[in-house]
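This report describes the chain shown below, beginning with a single helix position and moving outward to the sheets and the chain as a whole.

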Amino acid sequence: MDQLQTMQIYVQVVDSGSFTQAAEVLQLHRPTITKAVQQLERELGVRLLHRTTRKVSVTTEGGEFYQRCRRLLEDVNDTFSSFTSHAVVPTGRLRLDLPVTLAKSVIIPALPDFQKRYPQIELILGATDQPVDLFDDGIDCVVRLGELKDSSLVARRIGAIPMVTCASPDYLERYGMPMSLEELDQHRAVNFFTGRERKVVDWAFRVENTIVTLRLRSGIMTNESEALLACGLAGFGLLQGVRPALQPYLDTGRLIQVLADYPAMPKPVSILYPSRSYLTPKVRVFVDWLTQLLDHHHLSGSDC
């Protein structure tokens, strides 16, 4: 039995949680499954699985080996798919990580359409506003807002999301309505910070044909977009956020737009994936689908 086959068996055992179920899925005899896992453990010199009469679970080493095996097997499948002469239906698990507000307000509501187009792709969705490690976390691609740091990853800008500056009625009653950017010195903000260094994200406004960036005094700071919204609604300060996520609150009056004569600059939307000579079919179709989605929402174009 070659290494690739033993890896396929091991992944199926972990996915099934059972030697017997893995044998049924792969249509192999159960002793063959057991021997394959034992062979791997002998070759690696580590214990991969905890075995009980009812189920199996991975050890620490077994979990790491499982993640690497799954990625390798998917890469093998994608490589063969990329070079076949006939059209191939994208298949396999697609691990995504999305910004929270963009995920909730734009992407997730549209994902049933993606699933309908590509039913053989199993979506595994993470949502966070903080940096992630694609390789360590086994992520296929990441969508991010704002300007990106230098990275070994491939980054493709696919659109821009409109932003809006607003505040709760309670905050405006206490501190007044700002009428110009100069008056922002008299106000407090709900500021967003990123990374371990807790870098505060500047606010950006379009003034005629120039971009003005400002850093407002914090009433409170957070690194999570849902908390950012909650702090704005609670009246901690002025808020600059993704318009599609804030629009329902603007419509009901729980938030009020300010500085309409100084529109907030749209945030770039980029998709990142490992630096490779080709995109796997499942990643390629997601990138194309998301680009079309943003275009449909008029979130791409001259401001991008």
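## T101 and its surroundings

In this predicted model, T101 belongs to helix α5, which covers residues 100-117. T101 has a relative accessibility of 11%; because the cut-off for burial is under 20%, T101 counts as buried. Apart from neighbours within four places in sequence, T101 is in contact with V106, L145, S225, V242 and A245.

Several of these partners lie in elements described below. L145 falls in strand β5 (residues 141-145), S225 in helix α7 (residues 225-233), V242 in strand β13 (239-242), and A245 in helix α8 (residues 243-252).

## Strand β5 and its two partners

Strand β5 is mostly covered, with 4 of its 5 residues buried. Strand β3 (residues 92-98) runs parallel to β5 and is joined to it by 2 bridges; L96 has C141 of β5 as its bridge partner.

Strand β15 (residues 267-273) also pairs with β5, here in the antiparallel sense and through 4 bridges. Within that pairing, L145 is matched with V269 of β15.

## The sheet β13-β7-β14

Three strands make up an open sheet in the order β13-β7-β14, with antiparallel pairing. Strands β13 (239-242) and β14 (256-257) each have a single partner strand, so they stand at the edges and one side of each is left without a neighbour in the sheet. Strand β7 (residues 163-167) and β14 are joined by 2 bridges, and A167 has I256 of β14 as its bridge partner. Helix α8 packs on this sheet and touches β7, β13 and β14, its direction making about 115° with that of β13.

## S168, in the loop after β7

S168 is placed in the loop between β7 and helix α6 (169-175). The relative accessibility of S168 is 2%, and S168 therefore counts as buried. The side chain of S168 reaches the backbone nitrogen of Y171 at a distance of 3.1 Å.

With residues up to four places away in sequence left out, S168 touches G232, L233, G235, R254 and L255. Among these, G232 and L233 fall within helix α7 (residues 225-233).

## The sheet β9-β8-β12

A further open sheet of 3 strands has the order β9-β8-β12 and mixed pairing. Its edge strands are β9 (199-200) and β12 (218-222), each of which pairs on one side only. Strand β8 (residues 189-194) is linked to β12 by 4 bridges in the parallel sense, and V190 stands opposite I220 in β12. Helix α7 lies across β8 and β12, running at about 170° to β8.

## Helix α1

How does the span of helix α1 (residues 3-16) compare with the expected one? At 1.5 Å a residue, the 14 residues of α1 should span 20 Å, and the C-alpha atoms at its ends are indeed 20 Å apart, so the two values agree.

At the N-terminal end, α1 is capped by D2, a side-chain oxygen of which lies 3.3 Å from the backbone nitrogen of L4. Just after α1, G17 takes a positive phi of about 75°. The buried residues of α1 include T6, M7, I9, Y10, V11, Q12, V13 and S16. In a helix of this kind, residues three or four places apart point the same way, because there are 3.6 residues a turn.

## G62 in helix α4

G62 is found in helix α4 (residues 60-82). Is G62 buried or exposed? With a relative accessible area of 0%, G62 is buried.

Leaving out neighbours within four places in sequence, G62 is in contact with Y10, R47 and L48. Of these, Y10 is one of the buried residues of α1. The C-alpha atoms of G62 and L49 are separated by 6.2 Å, although these residues are 13 residues apart along the chain.

## The chain as a whole

The secondary structure of the chain comprises 9 helices and 15 strands. Of its 304 residues, 44% count as buried. The exposed area of the chain is about 16700 Å², of which carbon and sulfur atoms supply 50%.

Among contacts in the chain with a separation of 6 or more, 75% are between residues 24 or more positions apart. The contacts of T101 with S225, V242 and A245 illustrate this part of the picture.

How values were computed:
Residues are numbered from 1 along each chain as its sequence is written. This is a predicted model: local features need pLDDT of at least 70, side-chain atom pairs count only at pLDDT 80 or more; totals for chains, interfaces and linings use all residues. Side-chain values use heavy atoms; hydrogens and water are left out. Buried means under 20% relative accessible area, exposed over 50%, partly exposed in between (1.4 Å probe, protein chains only). Contact means heavy atoms within 4.5 Å. Two strands pair if DSSP finds at least two bridges between them. The expected span of a helix is 1.5 Å times one less than its number of residues. A polar contact is a pair of N or O atoms within 3.5 Å; within protein, one must be able to donate a hydrogen and the other to accept it, and residues adjacent in sequence count only if both atoms are side-chain atoms. Axes are lines fitted to C-alpha atoms, for helices over the stretch in contact, and angles run from 0 to 180 degrees between N-to-C directions. Accessible areas come from the Shrake-Rupley method with a 1.4 Å probe; for residues, only the protein chains shown count as cover.
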